[in-house]
Amino acid sequence: MEIGLVTYTPEKVKGYDYHVYYSKWVNGSVFPAAKGMQNDVSCFCDAKAIREKPSIAAISKNGPALRKNRKANLAFDYVCPTNPEYRMKVLEYIKELNDQNILGVTLNLYHFPEEGFCVCPRCVELWRTSGLNWIKWRAETITQFISDAKNVVKGTFAVEMFPDPVLAKERFGIDFDKIAEYVDYFHVPLSARDYTTNYWVDLLARDFLKTLKKPVVLELSAEMPNFEKMDALLKTMAYLSRFNFKAILLLVHNSKNAEEICEFAVKNKEYRDWLDRFEFSNMIKIVEKWATVY
Ligand SMILES: [Zn+2]
């Protein structure tokens, strides 16, 4: 099992095998490619593009896919995934990234915002002419986008997802089996303020591992402000290291944050004894590797 980082700064940190860099954000900011890294692209969530042209937002009977519309419980503002100009813009950006020496691309938020989206006149017309039922049309629309993106990616190709292993197709148009044909691995984010309660991590991790037909990497939030939370994170990582994940990725603010986690684990005798006592061999290897650096 590898250990990696998900980060907002394009800096590699010692002790981590793998770096995922947010190159296009949900607020619409876009950054130059991070060379040698996996570049993560937020596709259809783009608050800036919607501010500039509100008509491109995805729409439902309960209004637009915007955070300020509290009839829809959404964390981000979503562009309609069939908007041809916007789609092209995202694909062009992905193409530009691949002209640089990057490791690969991870797509994020490449799907419909929720059930009931999108009923803009273009989507309704496309659905009608497709002859498919609504759920199937939405899933095929998203799989087509994945396929188009895959065509311009030279390196490792992966997708993130909203962590719902059961209803992803109905809610977002995400057909895991179809998408598995295109991606090298799936990136499952299990974000939280802390992991002091972690049964849900175990539950979703196992469900995804069983459901997804390609390797899986798990992302945990590691922007931990205190030792108690860091300890809970490291123990959760140890439990997960017993399963067959390709990697665990830690979401951090910056490289200092990533180094602090290594240092805390390396110098925490109680934690290392606990790993030994219960034979968490994969996690022991990771901490031993960190101990050569920190
Ligand atoms: Zn639409």
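A residue is called buried if 20 or more other C-beta atoms lie within 10 Å of its own, exposed if 12 or fewer, and partly exposed in between. With 9 C-beta neighbours inside 10 Å, E279 therefore counts as exposed. The model described here is a predicted one.

**The barrel**

The strands β1-β2-β3-β6-β7-β8-β9-β10, 8 in number and listed in their order, close into a barrel with parallel pairing. On average, neighbouring strands of this sheet are turned by 25° against each other, direction ignored. One of the pairings joins β7 (residues 156-160) to β8 (residues 185-190), in the parallel sense and over 3 bridges. Within β8, H187 is the bridge partner of E160.

**Helix α2**

Helix α2 covers residues 84-99, which makes 16 residues; at 1.5 Å a residue they should span 22 Å, and the end C-alpha atoms are 23 Å apart, which agrees. Its buried residues are V90, I94 and L97. Viewed down the axis of α2, these buried residues fall within an arc of 55°, so they line one face of the helix. An α-helix has 3.6 residues a turn, so residues three or four places apart point the same way. The other side of α2 has P84, E85, M88, E92 and D99, which are exposed. The cover over the buried residues of α2 includes three strands and a helix: β2 (18-24), β3 (38-42), β6 (104-108) and α4 (134-152).

**Helices α10 and α11**

Two packed helices are described by the angle between their axes and the distance between the axes. For α10 (residues 269-277) and α11 (residues 281-291), the axes come within 9 Å and cross at roughly 145°. This crossing of α10 and α11 is left-handed. R272, L275 and D276 on the α10 side meet M283, I284 and V287 on the α11 side.

**Backbone features in loops**

The loop between β6 and α3 (121-130) holds C118, and the peptide bond from F117 to C118 is cis, with omega near 0°. L109 and E279 are residues other than glycine with a positive phi. The table sets out their phi values, loops and neighbour counts.

| Residue | Phi | Loop | C-beta neighbours inside 10 Å |
|---|---|---|---|
| L109 | about 55° | between β6 and α3 | 24 |
| E279 | near 55° | between α10 and α11 | 9 |

Is L109 buried or exposed? L109 counts as buried, because 24 C-beta neighbours lie inside 10 Å.

Note on methods. Residues are numbered from 1 along each chain as its sequence is written. This is a predicted model: local features need pLDDT of at least 70, side-chain atom pairs count only at pLDDT 80 or more; totals for chains, interfaces and linings use all residues. Two strands pair if DSSP finds at least two bridges between them. Helices (H or I, at least four residues) and strands (E, at least two) are DSSP runs, numbered from the N terminus. Axes are lines fitted to C-alpha atoms, for helices over the stretch in contact, and angles run from 0 to 180 degrees between N-to-C directions. The expected span of a helix is 1.5 Å times one less than its number of residues. The arc is that of the directions from the helix axis to the C-beta atoms. Two residues are in contact if their C-beta atoms, placed from the backbone, lie within 7 Å. A crossing is left-handed if the near helix is turned anticlockwise from the far one by less than a right angle, and right-handed if clockwise.
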